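Welcome! Here is a short briefing to read alongside the sequence and the 3D view. Take a moment to turn the model around before you start.

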Amino acid sequence: MWETNLRRQVESYLGSSIAPSELEEAKAYAERKLASIIDREGDADGARRQPDYLAQLIAETVRSNRLSRCLYNIMELQAQGTKKDSPCPKTQGRLSNQSYCTTAAPQMQ
């Protein structure tokens, strides 16, 4: 029952559903983070030991993990589309001493 309520709170903070594996991974990290916060800062008269505080930390961790995965996937797609030895299309035909940023070029002279 507690796990179900925690899951609902996390999903409410996130504004989306969460897979069980995603919840467990984030919960483990959030519990370690909470213990560290309490050790360093105290429990704020018990406020940090309330289930909603843990739910907020879990939601924060899920957001962070999702963003990291998204950015990693973008980097992977970009890497697949660009061969290591191919010239960058943005710099082709430009002399090496020319600035790429056209707005900065007048300031550099």
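In which helix does Thr 61 lie? Thr 61 belongs to helix α3, which covers residues 51-81. Please keep in mind that this is a predicted model. The protein has four helices and zero strands, and from the N terminus on its elements run α-α-α-α.

**The protein as a whole**

- Of the 109 residues in the protein, 19% are buried.
- If you take the contacts between residues at least 6 apart in sequence, 61% of them join residues at least 24 apart.

**Thr 61 and its surroundings**

- Is Thr 61 buried or exposed? Its relative accessibility is 6%, and buried means under 20%, so Thr 61 counts as buried.
- Leaving aside residues up to four places away in sequence, Thr 61 touches Ala 26, Tyr 29 and Ala 30.
- Those three partners, Ala 26, Tyr 29 and Ala 30, are among the α2 residues that make the contact with α3.

**How α2 and α3 meet**

- Helix α2 spans residues 20-41, and it packs against α3 at an angle of about 120°, with the two axes 8 Å apart.
- This angle makes α2 oblique to α3, because 120° falls outside the ranges for roughly parallel (under 35 degrees), roughly antiparallel (over 145) and roughly perpendicular (65 to 115).
- The crossing of the two helices, α2 and α3, is right-handed.
- On the α2 side, the residues in the contact include Glu 22, Leu 23, Lys 27, Leu 34 and Ile 37; on the α3 side they include Tyr 53, Leu 57, Ile 58, Thr 61 and Arg 69.
- Which classes of residue make up this contact? Between α2 and α3 there are eleven nonpolar, two polar and eight charged residues.

**The nonpolar core**

- The largest nonpolar core has 16 residues, and the members that touch the most others are Leu 6, Val 10, Leu 14, Ile 18, Leu 54, Ile 58 and Val 62.
- Helices α1 (2-14), α2 and α3 each supply at least two residues of this core.
- As a general point, nonpolar side chains tend to be buried together in soluble globular proteins.
- Ile 58 is a good residue to click on: not counting residues up to four places away in sequence, it touches Leu 6, Val 10, Leu 23, Ala 26, Lys 27 and Ala 30.

**Arg 63, also in α3**

- Arg 63 is found in helix α3, and with 43% relative accessibility it counts as partly exposed.
- Which residues does Arg 63 touch, not counting those up to four places away in sequence? They are Tyr 13 and Leu 14.
- Try finding Arg 63 and Ala 26 together: they are 37 residues apart in sequence, while their C-alpha atoms are 9.5 Å apart in space.

**The loop between α2 and α3**

- Ala 44 is located in the loop between α2 and α3, and it has a positive phi of about 55° although it is not a glycine.
- At 41% relative accessibility, Ala 44 counts as partly exposed.
- Asp 45 is found in the loop between α2 and α3, and its phi is near 55°, a positive value in a residue other than glycine.
- Is Asp 45 buried or exposed? With a relative accessible area of 84%, Asp 45 is exposed, because exposed means over 50%.

Notes
Residues numbered from 1 in each chain as written. Predicted model: local features only at pLDDT ≥ 70, side-chain atom pairs only at ≥ 80, totals over all residues. Heavy atoms only, no water. Buried < 20%, exposed > 50% of the residue type's maximum accessible area, 1.4 Å probe, protein only. Contact = heavy atoms within 4.5 Å. Axes fitted to C-alpha atoms, helices over the stretch in contact; angles between N-to-C directions. Left-handed = near helix turned anticlockwise from the far one by under 90°. Nonpolar A, V, L, I, M, F, W, Y, C, P; charged D, E, K, R; others polar. Core = buried A, V, L, I, M, F, W, Y, C linked by side-chain atoms within 4.5 Å.
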